[in-house]
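Me: I am new to this structure and would like a close look at one part of it, the aromatic rings that pair with each other. Please set that part in the context of the chain.

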Amino acid sequence: MEKEDLKLTSAEIGTLWGEYVNGTAVDIINKYMVSIIEDEKIKLLFEDAIKIFDTQKNKIRQLIENEGFPVPIGFTELDLNKGTKRLFSDIFCLHYLHIMTLHGLLGHSTSLSSSVRKDLRHFYDSSTNEGMSMYHRTTELLLEKGHFQRDPYFYPEENPEFISGQQFIGGYFGDKRPLSSIEIIALSLNIKKKIMEKSLSIAFSQVSQSKEVRKFLEKSLNASDQQIQSLGKMLKGDNLPVPMSWETEVTTSQDAPFSDKLMMHHIGFLLQSAQSYHGSGLASAMRTDLVTTYEKIILKNLMITKEWFNLMTKYRWMEQPPLAPNRKDLAKDQ
């Protein structure tokens with residue numbers, strides 16, 4: 001069967017819809033950042049990121065339109081206030097591009113795994129390759145500038161070892177075993193993602209035009225800070241370094257470069273994405289105190305996300321994704 005004879009599945013339409021909405025949100029922030037960045041090497045990365053997404057956006061639009069679905073509104077230049085004061089340092093912008101590239105790579109991989117049609121698989125292959133290239137470039141530039149935060153180093157054992165008893169999973173009573181390398185991977189990644197979420201909550205709360213939005217962002221900020229402290233405590237318990245924060249890379253500007261709708265959407269995206277990272281951390285945790293820590297964080301995130309959803313729907317800021325047919329309504333008498 002030729003590819004044009006295959007209709008896109010619900011999963012394929014859903015991934016395209018999500019890639020478009022989230023991509024346009026990040027694109028607007030990238031366009032603001034490129035306008036304030038002074039470092040030429042960092043600026044070039046953002047210029048390339050904007051060009052890459054512009055091509056991807058047009059392809060996604062074409063795919064959605066060809067199936068007869070409405071293209072989501074997403075985010076546009078109307079969500080960008082040009083000429084506003086600098087809100088972020090150049091280094092923060094570089095960290096932002098690096099972290100959001102990681103999110104993009106995960107998103108493309110998930111979308112690819114849900115895709116069957118050949119043209120769609122090739123599109124996500126291309127998007128993933130572009131994301132990997134950007135990951136390498138942001139990593140190299142962070143290393144060059146001395147701002148890449150490496151994970152803790154280990155010293156090799158002489159021989160492989162096997163787990164020999166229940167003490168391996170202990171965490172509350174008796175001696176705790178040191179964290180495993182697998183647990184440290186998840187801890188470090190979760191902390192870095194939370195640091196970005198906290199820093200953006202600080203920045204957005206300074207410039208938001210709505211008291212209600214500012215109040216929510218302060219809650220998000222406090223929750224992120226508590227979770228960073230909880231996860232960092234696990235690393236400190238083994239005398240391991242904790243990733244440093246980026247709060248000082250946010251300026252004191254109160255001049256809003258973005259719409260409240262965009263800022264709220266972005267924090268919601270980070271909250272929802274965090275749940276998958278927390279879930280991976282929980283799945284890799286084998287120490288009882290670490291398991292409990294992740295469970296508490298996941299529950300708190302769910303509560304914050306519920307508040308976010310209520311606020312987004314109150315102001316009609318959340319676009320509705322394509323829905324399955326409502327068979328009960330269709331079966332009603334005409």
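Reply: What follows goes from the whole chain to the aromatic rings and then to a few single residues.

This is a predicted model, in which local features need pLDDT of at least 70 and side-chain atom pairs count only at pLDDT 80 or more, while totals for chains, interfaces and linings use all residues. Residues are numbered from 1 along each chain as its sequence is written, and side-chain values use heavy atoms, with hydrogens and water left out.

The chain has nine helices and zero strands; here helices (H or I, at least four residues) and strands (E, at least two) are DSSP runs, numbered from the N terminus. With a radius of gyration of 22 Å, close to the 20 Å of the globule rule for 334 residues, the chain is as compact as a globular protein of that length. That radius is taken over C-alpha atoms, and the rule is 2.2 Å times the number of residues to the power 0.38. Along the principal axes, the C-alpha atoms fill a box of roughly 70 × 50 × 40 Å.

Of the 334 residues, 49% are buried. Buried means under 20% relative accessible area, exposed over 50%, and partly exposed in between (1.4 Å probe, protein chains only). Among contacts with a separation of 6 or more, 86% join residues 24 or more positions apart, a contact being heavy atoms within 4.5 Å.

Now the rings. Rings of Phe, Tyr and Trp (its six-membered ring) pair if their centres lie within 6.5 Å; planes under 30 degrees apart count as stacked, over 60 as edge-to-face and the rest as tilted. The count by this rule is seven aromatic pairs. One of them joins Tyr32 and Phe258, and it is edge-to-face because the planes stand at 80°, with the centres 5.2 Å apart. Tyr32 lies in helix H1 (residues 10–36) and Phe258 in the loop between helix H6 (211–237) and helix H7 (260–284), so this pair ties together parts that are 226 residues apart in sequence. Tyr32 and Phe258 are both buried.

Phe88 and Phe92 make a stacked pair, 4.8 Å centre to centre and with 10° between the planes. Phe88 and Phe92 are buried as well. One aromatic cluster takes in Tyr32, Phe88, Phe92, Phe204, Trp246 and Phe258.

Two other buried residues can be added. His98 is in helix H3 (residues 90–113) and counts as buried because its relative accessibility is 8%. Leaving out residues up to four places away in sequence, His98 touches Tyr135, Thr138, Thr139, Leu142 and Phe148. Leu311, in helix H8 (residues 288–314), is buried at 6% relative accessibility. With the same residues up to four places away not counted, Leu311 touches Glu212, Val213, Phe216 and Met264.

The loop that holds Phe258 also contains Asn239, between H6 and H7. Most residues other than glycine have a negative phi. Asn239 has a positive phi, near 55°, and counts as exposed because its relative accessibility is 73%. Arg316 is not a glycine either and has a positive phi of about 55°. Arg316 sits in the loop between H8 and helix H9 (327–330) and is exposed, with a relative accessible area of 77%.
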